[in-house]
Amino acid sequence: MTNFLEQIERLVGVKNVLVGAGDRGERPWNTHQPFLGKALVRPENTQQVSDLLKLCNAQGQSVVPFGGLTNLVRACVTTPSDIALSFENMKAIEDVNATELTMTVEAGATLQELQQAAESAGLFFPVDIGSKDSCEAGGIVSTNAGGTKVIRYGMTREAVLGLEAVLADGTIVSSMNRYIKNNSGFDLKHLFIGSEGVLGVITKVVFKLDVKPLSHNVALLAVDSYSQVLEVLAESRRHLGSMLCGFEVMWDSFYCKATQPEGRHKSPFDRQHAIYIIIEAMGTQVESDTTQFLSLLEILMENELVVDGVMANSDRERDEIWAIRGEVEWLVRDAQNFDVSLRSGDVETYIRDIETAIHTDLPSALVATFGHLGDNNLHIAVLAGGDGDSDRKAVEAHIYNSLLPYQGAISAEHGIGLEKKPFLAITRSASEIALMRALKQTVDPNNILNPGKVI
Ligand SMILES: Cc1cc2nc3c(=O)[nH]c(=O)nc-3n(C[C@H](O)[C@H](O)[C@H](O)COP(=O)(O)OP(=O)(O)OC[C@H]3O[C@@H](n4cnc5c(N)ncnc54)[C@H](O)[C@@H]3O)c2cc1C
């Protein structure tokens, strides 16, 4: 082993091979993926990644690509025989082109750095998720991250114009396309987007930027029933058109936890409601956009589609509203987290199904529901009380098996990792899974890249 690590040291430099890297697998978001690998390797450029993978492939050495380690599906779990590949030395924002609306970056730049670089050029990078301080370009692309602005801008896939990836055998595939249109054969970037590091290692990305919105309106609304949620969504779409960029829903089970008396956030409402909605709109005409947003709120009130509501009148008030939705530390730390997709009309009965099933086994479990409902994406956090493995398995089975009648998806945006692998067949057909395996076998025949994850 020492000999092998010495060979790696010769490729990337002694200082870039951390042996016994201890707790380096744990980062701010504490997603329970302690580092167990034999070394953490920090290449400085694509050629080093290529040389490293070539060596690992020849020796059958497994490699786990690390981004910011914020995934919630145990996609970066290491074993003592793995090495991990970190992009902390590859963080450059190489180019922001305000004419073309593109940004070219190395894999290790954090999402926050991407947003700031776009902002400094007077532009906008629309991918936005709660872990932005830590998650990295390579990670958000490898997981096809979603977030709070998908209803308008799409998932990360929509923001990727091109990328550079390294295959298991060290081949560098440069697909650094900079155009929206390019139908010249297969669009290979899609092989790597959302494939969680099992098909290749992403080293660079060309992102598409957007114009910076100038108006930004946010409201927090309260409703009595799920049917009102659907009506508010339909009315918001009709009234705001492409300005609508966020539609988040929090059931009282989640909202209460975030605004409980001893909690960090105060509810602006003087009583509890069944469900709460955050509507966010962004546009380029400050005055008329705000007038249009206000008129939507008036329509919702006049038609009794909402029972209460507040609109943010300052940046601080906007942040306060979003902070309630962003209060997820407790669930990342303590709860079992799920992230499913369903047709919006099925969400209410699905929630009833899982609550009934979970409470039959675990009467005191807290089942908190919330999510990006404008994208059909429901999050569920379950605090079951004890931490017994059998309780966890029972909860998992209820959440996923209950999707079957609705043909729901087991992962809306978090991916599969190790966590959801046993349930993949609930969402994907046998032929889809067979094709996934065939692709993996073709590009990584020795199964060295993030082995055991996804399929
Ligand atoms: C508080 C919080 C809020 C979150 N909110 C959202 C949300 O709204 N929407 C959402 O989609 N997700 C969300 N997540 C989940 C997570 O942040 C995303 O999945 C994120 O995209 C992961 O990025 P990362 O850099 O941390 O990747 P990691 O967790 O490090 O890795 C994720 C996967 O990508 C692979 N990978 C990483 N870098 C590379 C690379 N360069 N090349 C090839 N493979 C690579 C890894 O091997 C792994 O399989 C949230 C997580 C937290 C903790």
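**Ligand shell, sheets and helix pairs**

Modeller: Let us start at the ligand: the residues of its shell divide into 18 nonpolar, 17 polar and four charged. Please keep in mind that this is a predicted model.

Biologist: Thanks! How many residues surround the ligand, and which are the closest?

Modeller: The ligand is surrounded by 39 residues, and the closest are Gly67, Gly130, Gly138, Gly139 and Gly197. Elements giving two or more residues to this shell are β3 (63–66), α4 (137–142) and β10 (201–208).

Biologist: Which element gives the most to the shell around the ligand?

Modeller: That is α4, which gives four residues.

Biologist: Let us turn to the helices. Why are α13 and α14 called roughly parallel or roughly antiparallel to each other?

Modeller: Look at the angle. The axes of α13 (residues 347–361) and α14 (residues 389–401) cross at roughly 160° and come within 9 Å. Angles over 145 degrees count as roughly antiparallel, and therefore α13 and α14 are roughly antiparallel to each other.

Biologist: Is the crossing of α13 and α14 right-handed or left-handed, and which residues make the contact?

Modeller: The crossing is right-handed. From α13 come Ile354, Ala357, Ile358 and Asp361, while α14 brings Ala394, Val395, His398 and Ile399. By class, this contact of α13 with α14 has six nonpolar, one polar and one charged residues.

Biologist: What makes one residue in that contact charged and one polar?

Modeller: Asp counts as charged, so Asp361 of α13 fits that class. His is not listed as nonpolar or charged, so His398 of α14 counts as polar.

Biologist: What about α8 and α10: at what angle do their axes cross?

Modeller: The axes of α8 (residues 226–240) and α10 (residues 286–302) cross at roughly 150°, coming within 10 Å. Since the cut-off for roughly antiparallel is over 145 degrees, this pair therefore falls in that class too. The crossing of α8 and α10 is right-handed.

Biologist: Which residues meet there?

Modeller: In α8 they are Val232, Glu235, Ser236, His239 and Leu240, and they meet Gln292, Leu296, Ile299 and Leu300 of α10. The classes are five nonpolar, three polar and one charged.

Biologist: Now the sheets. What makes β5 and β9 edge strands?

Modeller: In the open sheet ordered β5-β6-β10-β8-β9, whose pairing is antiparallel, β5 (93–97) and β9 (172–175) each pair on one side only. Neighbouring strands of this sheet are turned by 10° against each other on average, direction ignored.

Biologist: How do you know that β8 and β9 pair?

Modeller: Count the bridges. Pairing needs at least two, and four bridges join β8 (residues 160–166) to β9, so the two strands pair. One of the partners is easy to find: Leu163 has Ser175 in β9 as its bridge partner.

Biologist: And in the sheet β1-β2-β4-β3, what kind of pairing is there?

Modeller: The pairing of this open four-stranded sheet is mixed. Its edge strands are β1 (17–19) and β3, and the twist averages 25° from one strand to the next.

Biologist: How many bridges join β2 to β4?

Modeller: Three bridges join β2 (residues 39–41) to β4 (residues 83–86), and these strands run parallel. Val41 has its bridge partner in β4, namely Leu85.

Notes
Residues are numbered from 1 along each chain as its sequence is written. This is a predicted model: local features need pLDDT of at least 70, side-chain atom pairs count only at pLDDT 80 or more; totals for chains, interfaces and linings use all residues. Axes are lines fitted to C-alpha atoms, for helices over the stretch in contact, and angles run from 0 to 180 degrees between N-to-C directions. Angles under 35 degrees count as roughly parallel, over 145 as roughly antiparallel, 65 to 115 as roughly perpendicular and the rest as oblique. A crossing is left-handed if the near helix is turned anticlockwise from the far one by less than a right angle, and right-handed if clockwise. Two residues are in contact if their C-beta atoms, placed from the backbone, lie within 7 Å. A residue is near a molecule or strand if its C-beta atom, placed from the backbone, lies within 6 Å of it.
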